[in-house]
Amino acid sequence: MARLFRQAMNCLYLLCVIIGCTALVLISAIIPWAVFTRYVLNSAASWPEPLAVLLTIVLTFIGAAAGYRLNLHMNVSYFADKLPARFRTLLDLVVQLLMALIAAFMIVWGGRLVEVTWHNTIADFPFLSVGITYLPIPVGGVFLLLFIIERIFLGLPPDPIPQHPEVAPID
């Protein structure tokens, strides 16, 4: 069962990375287009900026869940590293539970935000519900919560990019 859950989390992680990377690539293409239309064509397009903002929401909440899974986020562990091993384990559990609380907040309040704004539209994209644009918040919260559950019960996932012996790890 644990192996199946780990495989599911690996697939979910890959999905998060693909979504986040796609959003980043699209943002990187959209912003130069906006600059080109404004300064070269002298006729600024209205859609690039709001689309870049929407993609940033996707990148932030979905990409952050992927980053959290592999412990790629910023953290200050100086004092935690000075603790004895059993206290570090307890502290890590407390941190995971606090992160689960944040994920639950994202799920509940992000879901309410989606619900409240579902029937509103964006001026530049009248076919697009504002609620859909906020959907990455609760979805990212669900992904984050699943990654936290994985970390609590199965530990950190293995690094998908194995370290080569000739490359010294960065501490």
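**Notes on the strands, rings and cysteines**

1. Let's start at the hairpin: Ile-122 has Phe-125, in S2, as its bridge partner. The two strands, S1 (residues 121–122) and S2 (residues 125–129), pair in the antiparallel sense over two bridges, and the hairpin that joins S1 to S2 runs through two residues. Strands here are DSSP runs of E, at least two residues long, just as helices are runs of H or I of at least four, both numbered from the N terminus. To count as paired, two strands need at least two bridges found by DSSP.

2. A word on what you're looking at: this is a predicted model, where local features need pLDDT of at least 70 and side-chain atom pairs pLDDT 80 or more, while totals for chains, interfaces and linings use all residues. Residues are numbered from 1 along each chain as its sequence is written, and side-chain values use heavy atoms, with hydrogens and water left out.

3. Now the rings. Searching the whole structure turns up three aromatic pairs. One of them is Trp-33 with Phe-36: the ring centres are 5.6 Å apart and the planes sit at 35°, so this pair is tilted. For the cut-offs, rings of Phe, Tyr and Trp (its six-membered ring) pair if their centres lie within 6.5 Å, with planes under 30 degrees apart called stacked, over 60 edge-to-face and the rest tilted. Trp-33 and Phe-36 are three residues apart in helix H1 (residues 2–39), which means about one helical turn separates them. Trp-33 is partly exposed at 39% relative accessible area, and Phe-36 is partly exposed too, at 35%.

4. Back in the strand region, Phe-125 and Phe-127 have ring centres 6.1 Å apart and planes at 70°, so they make an edge-to-face pair. Phe-125 counts as buried at 10% relative accessibility, whereas Phe-127 counts as exposed at 70%. Buried is under 20% relative accessible area, exposed is over 50%, and partly exposed is in between (1.4 Å probe, protein chains only).

5. Two arginines are worth a click. Arg-112 lies over the face of Trp-109, 4.6 Å from the ring centre. Arg-151 has its charged end over the ring of Tyr-68, 4.4 Å from the centre. The test is NZ of Lys or CZ of Arg within 6 Å of the ring centre and within 35 degrees of the ring normal.

6. Why no disulfide at Cys-11? Its sulfur is 11 Å from the closest cysteine sulfur, in Cys-16, which is too far for a bond; a disulfide needs two cysteine sulfur atoms within 2.5 Å. Cys-21 is in no disulfide either, with the sulfur of Cys-16 the nearest at 11 Å. The structure holds zero disulfides. Cys-11 is exposed at 54% relative accessible area, and Cys-21 is partly exposed at 46%.
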